[in-house]
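Colleague: I have just opened this one and would like some help reading it. Could you take me through a few features, one at a time?

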Amino acid sequence: MTPINVIGKYLDQPLLSAKINKHIPAILTIASGAVLAKQIKDAPEGKKLKTGIKTAIILGSVSTSAIYAPKIASKLTGRQIGKTVQEIINSNNKLVDNFIQNNKLSAESSGLIEKAKDKVLSLKEINKLFKSKELKPIATKLIPPPQDITSKDIFKEIGWLSIFGAIPVIGGVSGGILAEKLTEKNWKKKVPDKINEGLYQYLANIFLCNVGAGTALAIMEKNNIKSRTARGLGMIGGIIATGIVGGSIIANFIGKKIINPIMNKNHKHDTRTPELLDISLHADDIATVSLLSGLKWIEPSLPLLYSISGYRAGIGYRNHKPKDAHEKEAHFLRQKC
């Protein structure tokens, strides 16, 4: 096996994905604590308590939403989520015990698959597992190969991803509005920015990117294109066309023509333009491409990626440049919470 194939098989271990997924709540909690500490540290004197309260409410809302998002999205779409660590261990135990009973194996081979029952194999052990002729029948059962999503399943997967991504953003907007209501007298003035940023994050960074990737995959499926490389590049092209470009235009149009007039007629609309962090947020689109290409190991990272969009929506971030002292202060506070 080539080093890349070994790495791919290592990442494809169901037990590895399940263990990462199990620790997502702890990872989100630690990350939220770090963000909270930084925001309080950077806040001006006299505003640290208020900043801490706002940030804590937003982060709590986003983190909780991101943790429960996979289960909620699965219930709404009927899409199955990955097995738990214990379910995988139980399945591996039956598989390995049955294989050992029905095959004469060397002590090294028996020890290797015994370890695979409840442990994540190392890169070296993965290489041995797939190189061994006597273990070949069980290797692909312990670590199944990626399965391509067919055109029949594309938009069910897109629906799941889009609902999944919406939940942390909704959590962020809701938490942000609650935080303002509890700490500010003129809290309603900041609501349009939070809704507009949530709309931007969802359309430009999540939903339309998913639609673009799914549409591109459907077209390639129709044209019988099987190459994983071609599929990946095609989906990235769809993401750029519909999400990064189209999503920004549509989100700004809806915010200016619909959200602001409804929420506050006098609210100045700040046109939101893509920036470096927005581009980096499209790492979740690489996750989309990976999932639609049959690579499930990226799935546990989605709550972390989508929670960034949720947090930005919660603080109502808009990247306009302040013109005067008053606007600079408002811009500073908006970034800090």
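Colleague: Let's begin with helix packing. At what angle do the axes of α3 and α4 cross?

Modeller: Happy to help, and please keep in mind that this is a predicted model. Two packed helices are described by the angle between their axes and the distance between the axes. Here, helix α3 (residues 24-42) and helix α4 cross at roughly 160°, and their axes come within 9 Å. Angles over 145 degrees count as roughly antiparallel, so α3 and α4 are roughly antiparallel to each other. Their crossing is right-handed.

Colleague: Now charges, please. How many salt bridges does a search of the whole structure find?

Modeller: The general idea is that side chains of opposite charge can pair when their charged atoms come close. In this structure the search finds eleven salt bridges. One of them joins the side chains of E184 and K50, at 3.6 Å from N to O. Because E184 sits in the loop between α9 (154-183) and α10 (191-222) while K50 belongs to helix α4, this pair ties together parts that are 134 residues apart in sequence.

Colleague: Which other lysine side chain meets E184 in a salt bridge, at 2.9 Å?

Modeller: That is K54, with the 2.9 Å taken from N to O. K54 is also in helix α4, so its pairing with the loop residue E184 links parts 130 residues apart in sequence. Both pairs fit into a wider picture: K50, K54, E180, E184, K190 and K194 are linked in a network of salt bridges.

Colleague: Is K54 buried or exposed?

Modeller: Buried means under 20% relative accessible area, and K54, at 4%, is therefore buried. K50 is partly exposed at 34%, and E184 is partly exposed at 22%.

Colleague: Could you show me a salt bridge outside that group?

Modeller: Try K117 and E114, whose side chains meet at 2.9 Å, N to O. K117 counts as buried at 11% relative accessibility, whereas E114 counts as partly exposed at 34%.

Colleague: And the surface: which residues make the nonpolar patch of about 320 Å²?

Modeller: Look for Y68, I72 and L76. I72 is found in helix α4, which covers residues 48-77, and at 38% relative accessibility I72 counts as partly exposed.

Colleague: One last stop: where does K124 lie?

Modeller: K124 lies in helix α7 (residues 123-131) and is exposed, with a relative accessible area of 60%. Compare sequence and space here: K124 and I7 are 117 residues apart along the chain, yet 9.9 Å separates their C-alpha atoms.

Key:
Residues numbered from 1 in each chain as written. Predicted model: local features only at pLDDT ≥ 70, side-chain atom pairs only at ≥ 80, totals over all residues. Heavy atoms only, no water. Patch = residues over 30% accessible without salt bridge, like charges linked within 9 Å, V, L, I, M, F, W, Y side chains within 5 Å. Areas by Shrake-Rupley, 256 points an atom, 1.4 Å probe, with all protein chains shown as cover. Salt bridge = Lys/Arg side-chain N within 4 Å of Asp/Glu carboxyl O. Helix = DSSP H or I, 4+ residues; strand = E, 2+ residues; numbered from the N terminus. Buried < 20%, exposed > 50% of the residue type's maximum accessible area, 1.4 Å probe, protein only. Axes fitted to C-alpha atoms, helices over the stretch in contact; angles between N-to-C directions. Parallel < 35°, antiparallel > 145°, perpendicular 65-115°, else oblique. Left-handed = near helix turned anticlockwise from the far one by under 90°.
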